[in-house]
Amino acid sequence: MTLLLCTVLFCVPFVAASLSLQSLNDTHILVISGSDSLSCNTRTLWDILLTCWLTLFACTWTAIHPDIPSMNEGVVAITFRRLLLMVMALLGPEFVISWAAWQFLCARKVTENFNNAFGWTLTHGFFAWMGGFMLYVDGKPRATLTPDELLQFVREGSVEMPVITEADIEDRSKGDVLSKSVAILQLVWFIIQLIARYAQNLLVTLPEIDTLSIAALTCIAYGLWWKKPKDVGRPHIVHWNSGATTPPPHGSLANEYVIFINIPVRTRSNFPAFCVAAKDVGHY
């Protein structure tokens, strides 16, 4: 209901400005043409809304760079999260810019920590910060490592330093040159249309001004995320060296991956099995 209400409130200025545009266009037609035929400079309500929505969709869909989903997230959850981020970019683009700036600063700090010994780039820093390294213990997923945890385990010799190049990370990314070019061309064409109408003293509507402002703010976030991999589906696996050190205790890592398994319980009750988390298996 909240998402629906926000969408309706977002469309109110579009519809209101378009209704006023329709009345202005009627007067414009009667004065210039003097007939019932439409002028070449006349645009309908749906022409304006379609152009605005295509521009907004191209900018937000391309600019949003979500983190790597967890292993138990399905297609529906991933799509819903992506749409939620798009709505947030439309209703509050300044929050998306703040989020992108925070991730950029964190990724640059990670790059500085790893660059001296391992020669990481900013793309590596983004990849590590977005959950790009999954720790496996005895062949099973244990946790998504934070950059600090990965650096600590590498220095202790608990895990091998992940060998992944910037080209390999970019190969995992879904943001190719074609998708970026389409979004940029759509935005440039929209700006050219507004400039041309302003130069000819034609009306520029409120929805178009709103679209231009949102697109401009979205481009700022796009620039901050330029080196961040886009729509990566799976993290890079890092195996724990069990022969050298003891695995960390359950609950000590920041982002532990919880696995639910069935353990048969032979009691007199009517419940043949129950589910426990992986971190609680050792207590039974």
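**Exercise 1. What is the volume of the largest cavity, and which residues line it?**

Let's work through this predicted model together.

- Step 1: The volume of the largest cavity comes to about 30 Å³. With a threshold of 30 Å³ or more, the count is one cavity.
- Step 2: The lining of the largest cavity consists of A89, P93, V96, I97, L217, T218 and A221.
- Step 3: Two elements, α4 (93–118) and α9 (206–224), each give two or more residues to this lining.
- Step 4: Sorted by character, the lining of the largest cavity has six nonpolar residues, one polar and no charged.

**Exercise 2. Find how many disulfides the structure holds, then check C219.**

- Step 1: Searching the whole structure gives zero disulfides.
- Step 2: For C219, the nearest cysteine sulfur belongs to C59 and lies 5.2 Å away. A disulfide needs two cysteine sulfur atoms within 2.5 Å, so this pair does not qualify.
- Step 3: Now for accessibility: C219 has a relative accessible area of 33%, so C219 is partly exposed. C52 has 0% relative accessibility and therefore counts as buried.

**Exercise 3. Describe the surroundings of K227.**

- Step 1: Place K227 first: this residue sits in the loop between α9 and β3 (236–239).
- Step 2: The relative accessible area of K227 is 38%, so K227 is partly exposed.
- Step 3: Set aside the neighbours within four places in sequence, and K227 is in contact with L122, T123, F126 and E166.
- Step 4: Finally, compare sequence with space: K227 and H124 are 103 residues apart in sequence, while their C-alpha atoms are 9.0 Å apart.

Technical notes: Residues are numbered from 1 along each chain as its sequence is written. This is a predicted model: local features need pLDDT of at least 70, side-chain atom pairs count only at pLDDT 80 or more; totals for chains, interfaces and linings use all residues. Side-chain values use heavy atoms; hydrogens and water are left out. Buried means under 20% relative accessible area, exposed over 50%, partly exposed in between (1.4 Å probe, protein chains only). On a 1 Å grid over the protein atoms alone, a cavity is a set of points where a 1.4 Å probe fits but cannot get out, and a pocket is an open set with protein on both sides within 12 Å along at least five of seven lines; lining residues have an atom within 4 Å of a point. Grid points are joined across faces, edges and corners, and a volume is the space filled by probe spheres set on the points. Helices (H or I, at least four residues) and strands (E, at least two) are DSSP runs, numbered from the N terminus. Ala, Val, Leu, Ile, Met, Phe, Trp, Tyr, Cys and Pro count as nonpolar, Asp, Glu, Lys and Arg as charged, and the others, Gly among them, as polar. Contact means heavy atoms within 4.5 Å.
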